[in-house]
Amino acid sequence: MKCRAAVLHKMGAPEPYTNSRPIKIEEIELDPPGEGEVLIKVAAAGLCHSDLSVVNGSRPRPLPMVIGHEASGIVEAVGPGKCLLERGDHVVAVFVPSCGTCIPCSEGRPALCEPAAISNANGTLLEGRKRIKFKGEYISHHVGVSCFSEYAVVSQHSLVKIDKAIPLDLAALFGCAVITGVGAVVNTAQLNMGDTAAVVGLGGTGLAAVLGAKASGAKSVIGVDLNENKLELGLEVGCDVVFNGKDPDLINKVRDYTDGGADFAFECVGSKQAMEIAYSLTRRGGTTCTSGLSDPAEKFAIQHVNLVAEEKTIKGSYLGSCIPKRDIPSYIELERNGRLPVSQLMSEKISLDEINSGFDALSQGNTVRQLIIFG
Ligand SMILES: [Zn+2]
Ligand SMILES: [Zn+2]
């Protein structure tokens, strides 16, 4: 079938993207879904920093590519043979499919699925195939999702079935921002009631981490960002106190406020500077948890003796260490019960044609989660 989709032909175009227009809305052709694959009609797709990292070239991917990885949709058709989903199911896409049989999947760590790491790097679906054609040639999938498109063919293992009661625009956020941020708190850090949390970077993932920390019973949540608007939003979403990352006295202020540092500090930016701040805000014996994806050339240095003598822990968190089939329905239920107010992360709703200006707004830090709404 033919449909309209956002195709990235070249990375590293100059900003503003409104002028350079690196993303073109093109007519693409999708192959019908094969065995184990599903055609979805995309309902809503969020603009995330990881898409921006592909657009600006800091996370190189095989191009041309239909970008986008945070989405909700409705199953339109399933491939031949047995399938976990059926036509009409409401689904959320997950940016790491899980094969279910590799060692990490067998250990209950699907975020680390080995075949998924290969297919995501190669720009294919989990099973190794490409289903998108542009001008007769196959082009790449973005982490198995490619949802800045009216329709998408994805592996059944890239989708989680959800309750039809949740609005599909809100549901999209659960596929990346929510599982990454809430999962970092709940699964990776395993924060306990009464712990203190510092969240460095108050974008979609960071604000979701704030929601996760509040829902988990954190005693206090400290927000850090460079942007005053984001600090205000941090307070609205549930931070008890916020500090500007540019404040030269930031570390001392947080140590004073927390009486020695936070039990858990979350790096949610994907930058070395944010990681250094998060590590410095972590108390003796505490844990620094990082979920931001930085430029592969970036390295983070720490004082070795401090790591040893203060018994600090540094943990990476990918996909919030989530088991998406367990966690997405669970976080949706918490949202429905009013305990995880994810709607606070939604900002502008835009059309597919406004995608370049949407990435300008994201790059300039003027927005949280913009959603492309499909008709
Ligand atoms: Zn994302
Ligand atoms: Zn696997």
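**A tour from core to zinc to helix 13**

Start by selecting Phe174, Phe266, Ile328 and Val342: among the 62 residues of the largest nonpolar core, these touch the most other members. (A nonpolar core is a set of buried Ala, Val, Leu, Ile, Met, Phe, Trp, Tyr and Cys residues joined through side-chain atoms within 4.5 Å; buried means under 20% relative accessible area with a 1.4 Å probe, protein chains only.) Now colour domain 1 (2-175 + 341-373) and domain 2 (181-318), whose bounds come from an automatic or database domain assignment: both give residues to this core, so it lies between them.

You're looking at a predicted model, where local features need pLDDT of at least 70 and side-chain atom pairs count only at pLDDT 80 or more, while totals for chains, interfaces and linings use all residues. Residues are numbered from 1 along each chain as its sequence is written, chains are lettered from A and ligands numbered from 1 in written order, and side-chain values use heavy atoms, without hydrogens or water.

Next, hop over to the zinc ion (ligand 2). Its protein donors (N, O and S atoms within 2.8 Å of the metal; water is not among the atoms, so sites may look incomplete) are the SG atoms of Cys99, Cys102, Cys105 and Cys113, 2.3 to 2.4 Å away. Cys99 and Cys105 are both buried.

Last stop: helix 13, residues 355-363 (helices are DSSP runs of H or I, at least four residues, numbered from the N terminus). Seven of its nine residues are buried, so the rest of the structure largely encloses it. Just past helix 13, click Gly365, which has a positive phi of about 75 degrees.

How values were computed:
Buried means under 20% relative accessible area, exposed over 50%, partly exposed in between (1.4 Å probe, protein chains only). Donors are N, O and S atoms within 2.8 Å of the metal (3.2 Å for Na, K and Ca); water is not among the atoms, so sites may look incomplete. Helices (H or I, at least four residues) and strands (E, at least two) are DSSP runs, numbered from the N terminus.
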